[in-house]
Amino acid sequence: MLSRQSPAWIVSLICVATLVSTALVAPVQSSESLNEAELFDTFSGQSSWISSKNEQYNGEAKVEDGGLVLPTEARRYGLTKTLTQGPVALGSDPLVLQYDVKFSKGHGCSGGYLKFLSHDPNFKPQGLTDQTGYSVMFGPDKCGDSGKVHLIFRYKDKKTGEYEEKHLKSPPKIPTADMGTHVFTAVILPDNTYKVLVDGVVEQEGSLFEDFEPSFLPPKEIDDPEDTKPEDWVDEVKIPDPDATKPDDWDETLPAKIPDESATKPSDWDEDLPLEITDPEAEEPEDWDEEEDGVWEAPMIPNPECKKISGCGPWSPPLIANPDYKGKWMRPFIDNPEYKGPWSPRKIPNPDYFDDGSPLKSVAPIGAVSVEVWTMDSGIIFDNVLVSTNEDHSEEVITKYWKPRAEEEKAEMAKAMADANKESQAQFWRNLISKVDPYVPEGASPTWFMLKEYLMENLIILYVIVGLLPTFLVIMCFKMCVRTGGSKSENDDARRKKTDEATPDDAAEEEEEEE
């Protein structure tokens, strides 16, 4: 503790240190609160998404477990939520469109995109239809093997006043087949560039002028609709050689196939048996009228006796390719000396051309968000819908909401796969060990079944046994070989003693005595 006599500078130093340490350990706050986003919905409370009353929507969505669920397959859903802070214009500030979606039962054929509706003061969510105008459509869509992330702008032509959809040319592929939660983000910038992110990773980015079709800007020149190809224009690259003649030995009458002269009739082929016989099980229909229909005859069926042998009926050798066949002679093609190249109409200035340096301002402001999709999959879950003009909000939502959920789902999936693998292995061993059951003596059955259940609960013991078995067999074989060699040596010594046969040592001793 500091005493009252402690110098003032020490007290000041401790206070400063305390403030610095508090700043270091305090969590970093985002530049703006998510409450300042134009829309952020976690579906954690009472849902403010309103269902359309249009008869084409036969699906009933519900909010559960913190998400908007489309529970039933083969349904069309239509729900809308109005932006809480008013419409958002494009082209002045960065625009972030982001949300999570999970195809919990698999993604076979369903839309998982959102429509960001054009602001209309007269629009009511209950009146939503598939024709309701939108400014941006964004998100995954799939049917069959094909799947992509849509990014579509509904652009108003400055010259004609007509609306036209501008589609991303090469949209990213979708990762929704794993039945996990994925976050999709579109960032649209005032400099006429864009980014599409999947799970926080940029999958595609570029220019609005280069990556969308039809282009935001019309071409400066177009083909002259009144220009026509001249009658004498030659656009055939090759022509038949007029000087070529058919060779004298070219025979066009020879057939492509000829009988195989080396073939012989199989020994069991019966030419007397007919190929077809009348169906012995066929019966005359009860309503058959001979006066109107004529005399009834049973239908013919393939002779079943023919299947028991190589064949029946008249035999003829099979056909093979004719080695002398040449076919119809045709003149070879040569370069056309009159060829002028491909014709195309001349270009003229496009009367509908205009220059638009800020095309996003010709996309209507966003006033609401709608789930307007047809689904063939059940259990589609939307969550964490974000509309903002602050890119930091995107990263904050991903870090705080999506990443923990994704990591939890990965852990659950890994555990499920491990459990399934364990169950598969247990089933394999159970089937294998059960093959021993018929050979267990009746009196030992209770003990055997207890042992079997113990082994099934402790599979590691089985793996240890299987792992050590080869080593045990090798050791036993080695011992048997050594024992066999030793026994042979002992047997030789015993035989020599019985027969008084000379040994190598006896022979050496005899040589020494002779010397």
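## Strand E25 and its partners

Within strand E25, Leu386 is the bridge partner of Gln98, in a model that is predicted, where local features need pLDDT of at least 70, side-chain atom pairs count only at pLDDT 80 or more, and totals for chains, interfaces and linings use all residues. Residues are numbered from 1 along each chain as its sequence is written, and side-chain values use heavy atoms, with hydrogens and water left out.

Strand E6 (residues 95-103) runs antiparallel to E25 and is joined to it by 7 bridges; strands are DSSP runs of E with at least two residues, helices are runs of H or I with at least four, and both are numbered from the N terminus, while two strands pair if DSSP finds at least two bridges between them. E25 also pairs in the antiparallel sense with strand E1 (residues 39-41) over 3 bridges, where Leu39 has Val387 as its bridge partner. Strand E4 (residues 67-70), again antiparallel to E25, is joined to it by 3 bridges, and Val69 is matched there with Ile381. Of the 9 residues of E25 (380-388), 8 are buried, where buried means under 20% relative accessible area, exposed over 50% and partly exposed in between, with a 1.4 Å probe and protein chains only.

## Nonpolar cores

The largest nonpolar core (buried Ala, Val, Leu, Ile, Met, Phe, Trp, Tyr and Cys residues joined through side-chain atoms within 4.5 Å) holds 54 residues, of which Phe138, Leu151 and Phe153 touch the most other members. Apart from that core lies another, of 8 residues, and Leu386 of E25 is among them, as are Leu34, Ala37 and Val187.

## The two largest pockets

The largest pocket has a volume of about 390 Å³; on a 1 Å grid over the protein atoms alone, a pocket is an open set of points where a 1.4 Å probe fits, with protein on both sides within 12 Å along at least five of seven lines, and lining residues have an atom within 4 Å of a point. Its lining comprises 21 residues, and the closest to the centre are Lys102, Ser104, Thr181, Ile381 and Glu409. Helix H3 (391-434) gives the most to this lining, with 5 residues, and the whole lining divides into 5 nonpolar, 6 polar and 10 charged residues.

The second largest pocket contains about 190 Å³ of space, and its lining includes Val187, Lys195, Asp199 and Glu395. H3 supplies the largest share of this lining, 6 residues.

Notes
Points joined across faces, edges and corners; volume = space filled by probe spheres on them. Nonpolar A, V, L, I, M, F, W, Y, C, P; charged D, E, K, R; others polar.
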